[in-house]
Each structure stands twice: as C-alpha cells, then as structure tokens.
Amino acid sequence: MPRARPSLSSTRRTTSRRPGHAVAAVALRSLLAVALAASLAACAARPAAAPAGTSPAPPVNTAELPVVTDQRVADSLLADVRSLDSTIVVALRYATPDNFTGAPLPGYEANRAFLRREAAAALARVQRRLAADGDRDGEKLTLKVWDAYRPVRATLAMVDWTRRVGREDLLRDGYIASRSRHNLGLAIDLTLAERSSGRELEMGTPFDTFSPAAHTANATGVAAVNRQRLKAAMESEGFTNYDQEWWHFSYDLPAPVRFDVVIR
Ligand SMILES: [Zn+2]
C-alpha cells in the first residue's frame, strides 16, 4: 500500500501533458482510488490472516457478532454433548478452582459441555469412531472434555485475571483470547483417556500450559504419538486443531453468534 500514492501522482503527471488523454487519466485515477480503497478494506478485514501454508482459522469471534443472552434461543442452538453420547467424559475445569485462575469462572454453574448442535453431533461421531477403533485394537479410548461453550462473562473474567496478575503477555502471545471461539460454542478443549481406568493419555504437558511446550508439534515420543492420535480423530469429523494448544479444536459453521447464558 505505501507505493499506491506515488504511482497515482506520477500517472497524473505523465498523462496531463497529453490533451485527449484527460478523460482516460480521470478514469484511471478513479480506478486506482477504488483499488486503493479496496485493498485498505481487505487489510482491515483480515488483520490476523494466517500465513500461507498454515491451516485456516475460521470461525473468528469478532466484535460485530451478536451476543445471545436469551436462554430459549441458546437452547435451540446449543446441545449438551453427553445428550448425544453419554460415554463422553466431561470434567469442566473452569467450573472448579482447578484452573489457571484458581477459582471457578462466572457462568459455569454445572459440569456440562455444550457446543453448537452440528459440532456436538460431530464430536459424538469422533467418540463412536474411538470406540470402533478400540474394538479393533483392544485399547478403548474416550474423549475427556475440559472446556466447550464458554460464556462471554467467563472470557471477560479471564482477561481481568491477566491484568490483575500482570500477565497481559498471555493475551498478546495467543494463549488467552479476549474474544474466544469458545464463546460461539464452536471450540472445545479435550484429551484422550482410557475408557476402563479413566487414565488420561500422556500428552507431554497439562491442560492450559501457556508455553511452546503446548504447541502441538512440540512433543516427542509417546506424547507426540498421542497428540497426533487426538488430532487425527478430531480432524476426521471436521475439527481443526489450534497449533499452539494441542487440546484446543474448533469447528466451522456459517453465521456464528456469541452466547452469554449460564451453564446450568
Ligand atoms: Zn480452548
């Protein structure tokens, strides 16, 4: 964009010396102005576009998205994942003090994982796929969910926490989002566990480890194998992994909305 203005003025200088080309010059200037405006608009609309070669990152939670606070509307769009497959293990960390803030977050009043219905159905298919794989190779695994739909008020509480404890770097570095896809009911944090014992598979770091060790690709040995196993299982039903958090997956739906209703 910095080069657009000089080329516009040089165009005007060269064409204005030739009578008969005045109309063409005006038309060209208009065209360049339109092109400049269009490219500026594109930059504004995509401030954080993923570099070429990385996976696409929709759906993005933007400030323009409406916030649903009506319980009936939320009930029509969100589903409890265990209503679709009761074998999915749910242990919502933000409903307990066992999370990075040390206290339950506002809006979490029950241990229930909600997602947009389409995403919840996809998750149930992942769980069934894991059961079928277990039947084949003898090791039965289950999904274990730490977070799913997150009320807007809980996200705001997380941001407040970063300011209270002087950890705004976590916002800047992408570990905590001020507007999260969890608010859309289109993101989920989870791991794999053994169905019989409940033992979580080794993944190299605990949940909510805010460091490069949690980046999905940064693991070796059995942890690397298990991360890829989780990623492959989720991708098979359309979820996309966030490459800075091995446990975080998102699902794409058109016209997402934010939700701020209490989890009960
Ligand atoms: Zn997450």
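This is a short tour of a predicted model, with suggestions on what to select at each stop.

**Stop 1: the whole chain**

Start with everything shown as a cartoon. You're looking at a protein of 264 residues, of which 30% are buried. Its secondary structure comes to eight helices and nine strands. If you switch on contacts, keep those with a separation of 6 or more: 72% of them join residues 24 or more positions apart.

**Stop 2: the open sheet**

Now pick out β3, β5, β6, β8 and β7. Those five strands, in that order, make up an open sheet with mixed pairing. Look at the two edges, where you'll find β3 and β7. Each of them has a single partner strand, so one side of each has no neighbour in the sheet.

Next, add residues 221–235, which are helix α8. Helix α8 packs on the sheet and touches β6, β7 and β8. Turn the view until you can compare α8 with β6: their directions make an angle of about 125°.

**Stop 3: strand β5**

Select residues 141–147 to get β5. Is this strand mostly covered or mostly uncovered? It's mostly covered, with seven of its seven residues buried.

Now check who sits beside β5. Residues 89–90 are β3, which pairs with β5 in the parallel sense over two bridges. To see the two strands face each other, show Val-90 and the residue opposite, Val-145 in β5.

Then bring in residues 187–194, strand β6. How many bridges join β5 to β6? There are six, and these two strands run antiparallel. A handy pair to label here is Lys-144 and Thr-191, since Thr-191 in β6 stands opposite Lys-144.

**Stop 4: Asp-243**

Last, go to the loop between β7 (240–242) and β8 (245–250), and select Asp-243. Why does Asp-243 count as partly exposed? The reason is its 18 C-beta neighbours inside 10 Å, because a residue needs 20 or more to be buried and 12 or fewer to be exposed.

Keep Asp-243 selected and show what it touches. Leaving aside residues up to four places away in sequence, Asp-243 touches His-215, Thr-216 and Ala-217. Try a distance label from Asp-243 to Ala-217: the two are 26 residues apart in sequence, and their C-alpha atoms are 7.3 Å apart in space.

How values were computed: Residues are numbered from 1 along each chain as its sequence is written. This is a predicted model: local features need pLDDT of at least 70, side-chain atom pairs count only at pLDDT 80 or more; totals for chains, interfaces and linings use all residues. Helices (H or I, at least four residues) and strands (E, at least two) are DSSP runs, numbered from the N terminus. Two strands pair if DSSP finds at least two bridges between them. Two residues are in contact if their C-beta atoms, placed from the backbone, lie within 7 Å. Axes are lines fitted to C-alpha atoms, for helices over the stretch in contact, and angles run from 0 to 180 degrees between N-to-C directions.
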